[in-house]
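Trainee: I am new to this structure and would like a close look at one part of it. Could you pick a single residue, start there, and walk me outward through its surroundings?

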Amino acid sequence: MGEQAVTGAGAKLAPEQMPDAGGGDAAAATGGGAGPTTAGMTADGAPAAPADVSGAGMSADAVPATPAGGAPDVGPQQRTTDITAGPGGVMTDEAGVVTGELTLRTEYADGQVTLRVQYKDADEWYAVTGGKVALAHPAGLDAVHGIAVALLNRPEG
C-alpha cells in the first residue's frame, strides 16, 4: 500500500500530516505528536500513546479496567432471537426436548455464557443442555449468540 497525503483547509497539504521520504511519522517529527487524531496508529507502525477524549467520558485506545478474573467488569448482558427448532427439537435440562416456535436467549454473566430457550411468548426459560461455556471477554457475546442461532434455528425442518 502506498502513502496518501492528507489535505488541510483549501486542499493544501497539512504539514503535520505529510509523509516524509523515510517513511517516518511526519506528525511526530514536526512536534504534532501522535495525539487523538491517530486512531491508535502512526505511519511507522508504532502504537500511539493513549489519548484523552475529554468530555466524551472515554479515552481513545484505553484498555478497560479488568477484575482479577481477566474480563472487564461490564455486568450481565443478553441477546434474544426467535427461532424454530428442527425436527429433533432442543434438549433442555429442565423440560427435556422442546420443539416448535421458541425464543433463544444467550446470557453473559461472571465470565460465563448460558443458552436458554422458552416457548415463544411464554414465561418460563429452560437451560439448553450443554449450553454453558466460559467466555474470556463479553465482546464475544454477539458471535456466540449468532452461532447458537445458526445451529438451533431450523425453520425448514
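Mentor: Happy to. Let's start with Val 149, which counts as buried because its relative accessible area is 17%, under the 20% cut-off. Please keep in mind that this is a predicted model. Val 149 is found in helix H2, so let's look at that helix before moving outward.

Helix H2 covers residues 141-152, 12 residues in total, and reaches 16 Å from its first C-alpha to its last, close to the 16 Å expected at 1.5 Å a residue. Val 149 has buried company there: Leu 141, His 145, Ala 148 and Leu 152 are buried too. Seen down the axis of H2, the buried residues fall within an arc of 100°, so they line one face of the helix. A general rule helps here: an α-helix has 3.6 residues a turn, so residues three or four places apart point the same way. On the other side of H2, Ile 147 and Leu 151 are exposed.

What does the buried face of the helix meet? The buried residues of H2 pack against four strands: E3 (77-84), E4 (90-92), E6 (101-109) and E7 (112-119). For Val 149 itself, leaving aside neighbours within four places in sequence, the contacts are Thr 81, Ile 83 and Leu 104. The chain brings distant stretches together here: Val 149 and Thr 80 are 69 residues apart in sequence, yet 9.3 Å apart in space, C-alpha to C-alpha.

Leu 104 is a good next stop. Setting aside neighbours within four places in sequence, Leu 104 is in contact with several residues of the helix, among them His 145, Ala 148, Val 149 and Leu 152. Other contacts of Leu 104 include Thr 80, Thr 81, Ile 83, Leu 115, Val 117 and Trp 125. Leu 104 is also one of the residues with the most contacts inside the largest nonpolar core, a set of 13 residues; Ile 83, Val 90, Val 98, Leu 102 and Val 117 are the others named for this. The elements that give two or more residues to this core are E6, E7, strand E8 (126-134) and H2, with the largest share, 3 residues, coming from H2.

Now to the strands under the helix. E6 is mostly covered, with 7 of its 9 residues buried. E6 pairs with E3 through 8 bridges, and the two run antiparallel; E6 also pairs with E7 in the antiparallel sense, over 8 bridges. Thr 103 shows both pairings: Thr 103 is the bridge partner of Asp 82, and the bridge partner of Thr 103 in E7 is Gln 118. E6 and E7 form a hairpin with 2 residues between the strands, where Asp 110 takes a positive phi near 50°.

One more residue in E7 is worth a visit: Thr 114. Thr 114 is buried, with a relative accessible area of 13%. Not counting residues up to four places away in sequence, Thr 114 touches Arg 105, Thr 106, Glu 107, Gly 131 and Lys 132.

Finally, let's step back to the whole chain. There are 2 helices and 8 strands, in the order α-β-β-β-β-β-β-β-β-α along the sequence. Of the 157 residues, 27% count as buried, and Val 149, where we began, is buried too.

Technical notes: Residues numbered from 1 in each chain as written. Predicted model: local features only at pLDDT ≥ 70, side-chain atom pairs only at ≥ 80, totals over all residues. Heavy atoms only, no water. Expected span 1.5 Å × (residues − 1). Buried < 20%, exposed > 50% of the residue type's maximum accessible area, 1.4 Å probe, protein only. Arc of directions from axis to C-beta. Contact = heavy atoms within 4.5 Å. Core = buried A, V, L, I, M, F, W, Y, C linked by side-chain atoms within 4.5 Å. Pairing = 2+ DSSP bridges.
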